[in-house]
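Let's work through a few exercises together, one step at a time. Keep the structure open beside you as you read.

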Amino acid sequence: MSSAPSPLLMIEDDSRLAQMVVEYLGQSGFAVTHAADGEQGLEQLQLVMPELVVLDLMMPGIDGLEVCRRIRALPGSLGRVPVIMLTAKGDPMDRIIGLELGADDYLPKPFEPRELLARVRAVLRRRGEVRSTSVSRSTPVLRFGSLEIDRDARTVQVGEQGCELTSYQFDLLVAMAERAGRVLTRDQIMEAVRGRELEAFDRSIDVHIGRIRNAIEADSKEPKRILTVRGVGYVFAKQQD
């Protein structure tokens with residue numbers, strides 16, 4: 001017996017593009033619900049409970065940035081649902097703002113449906129691999145001073161304070177924490193979470209690291225947990241308060 005299609009939600013005002021994506025992803029084992037604007041998308045999010053959201057940036061009414069902000073403000077698993085944002089081609093500020101608001105990945109328009117499919121699978125694969133590998137771990141919780149990373153529950157705490165991270169940012173944090181004390185290049189960090197390859201001059205990894213620092217550091221401008229190694233990359237400190 002075949003498994004049920006994975007539910008996805010696409011929030012996109014271009015009906016022709018949406019129809020093409022719904023059909024293409026449907027042939028690849030996904031059940032895609034289409035919402036034509038931000039308000040409808042937020043309503044459908046509660047009903048569909050999707051495994052991933054494909055979100056257009058430029059929409060009338062509530063734009064994609066505001067929708068992403070509202071999704072991340074939701075409690076529980078809905079607030080952590082992975083988001084792939086569709087952005088205007090050649091506009092790096094759009095994707096940087098989107099990543100800062102909590103998008104897990106971005107795809108510039110116009111795009112090939114198979115590239116979107118690859119991005120969707122990569123994001124979902126990362127989540128699935130974390131779930132499957134965590135079962136075999138005898139110590140799923142990583143502790144560094146007051147910082148606690150629970151790989152099974154996918155939660156992060158500093159002391160008694162919970163830290164809000166996107167799915168992708170959580171995976172990045174785990175990848176670095178598991179390699180504490182090692183200097184990692186941006187490529188090595190991205191490879192560790194099996195995400196897309198870095199594009200030339202792509203600084204999105206720095207945006208994600210900045211968001212993680214905002215969540216776990218006492219002072220993100222003077223970080224003590226994730227340190228920058230100039231000209232190389234980053235190192236996650238073994239010894240922390």
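**Exercise 1: A pair of rings**

Phe144 and Phe236 are both buried in this predicted model. Your task: describe how the rings of Phe144 and Phe236 are arranged, and find which strands they belong to.

*Step 1.* A pair of aromatic rings is described by the distance of the centres and the angle of the planes.

*Step 2.* For Phe144 and Phe236, the centres are 4.8 Å apart and the planes make 75 degrees. Planes over 60 degrees apart count as edge-to-face, so this pair is edge-to-face.

*Step 3.* Now place the two residues. Phe144 sits in strand S6 (residues 141–144), while Phe236 sits in strand S12 (residues 233–236). The pair therefore ties together parts that are 92 residues apart in sequence.

*Step 4.* How many aromatic pairs does the structure hold? There is one.

**Exercise 2: The sheet around S12**

Your task: work out the strand order of the open sheet that contains S12, and say which strands are at its edges.

*Step 1.* Strands of a sheet pair through backbone hydrogen bonds, either parallel or antiparallel.

*Step 2.* Take S11 (residues 226–229) and S12: they pair in the antiparallel sense over four bridges. Here Thr228 stands opposite Tyr234 of S12.

*Step 3.* S10 and S12 also pair in the antiparallel sense, over three bridges. Leu184 has Tyr234 in S12 as its bridge partner.

*Step 4.* Put these together, and the order of this three-stranded open sheet is S10-S12-S11. S10 (183–185) and S11 are the edge strands, each pairing on one side only. On average, neighbouring strands here are turned by 35 degrees against each other, direction ignored.

*Step 5.* Look at the hairpin of S11 and S12 too. Three residues lie between the strands, and Gly231 takes a positive phi near 80 degrees in this hairpin.

*Step 6.* Finally, add a helix: H6 (residues 167–177) lies across S10, S11 and S12, at about 70 degrees to S12.

**Exercise 3: A leucine in a loop**

Your task: decide whether Leu78 is buried or exposed, and list what it touches.

*Step 1.* Find Leu78 in the loop between helix H3 (64–72) and strand S4 (83–88).

*Step 2.* Its relative accessibility is 11%. Buried means under 20%, so Leu78 counts as buried.

*Step 3.* Leaving aside residues up to four places away in sequence, Leu78 touches Leu45, Gln46, Met49 and Ile71.

*Step 4.* Consider Met49 among them: Leu78 and Met49 are 29 residues apart in sequence, with their C-alpha atoms 7.1 Å apart in space.

Methods
Residues are numbered from 1 along each chain as its sequence is written. This is a predicted model: local features need pLDDT of at least 70, side-chain atom pairs count only at pLDDT 80 or more; totals for chains, interfaces and linings use all residues. Side-chain values use heavy atoms; hydrogens and water are left out. Helices (H or I, at least four residues) and strands (E, at least two) are DSSP runs, numbered from the N terminus. Buried means under 20% relative accessible area, exposed over 50%, partly exposed in between (1.4 Å probe, protein chains only). Contact means heavy atoms within 4.5 Å. Rings of Phe, Tyr and Trp (its six-membered ring) pair if their centres lie within 6.5 Å; planes under 30 degrees apart count as stacked, over 60 as edge-to-face and the rest as tilted. Two strands pair if DSSP finds at least two bridges between them. Axes are lines fitted to C-alpha atoms, for helices over the stretch in contact, and angles run from 0 to 180 degrees between N-to-C directions.
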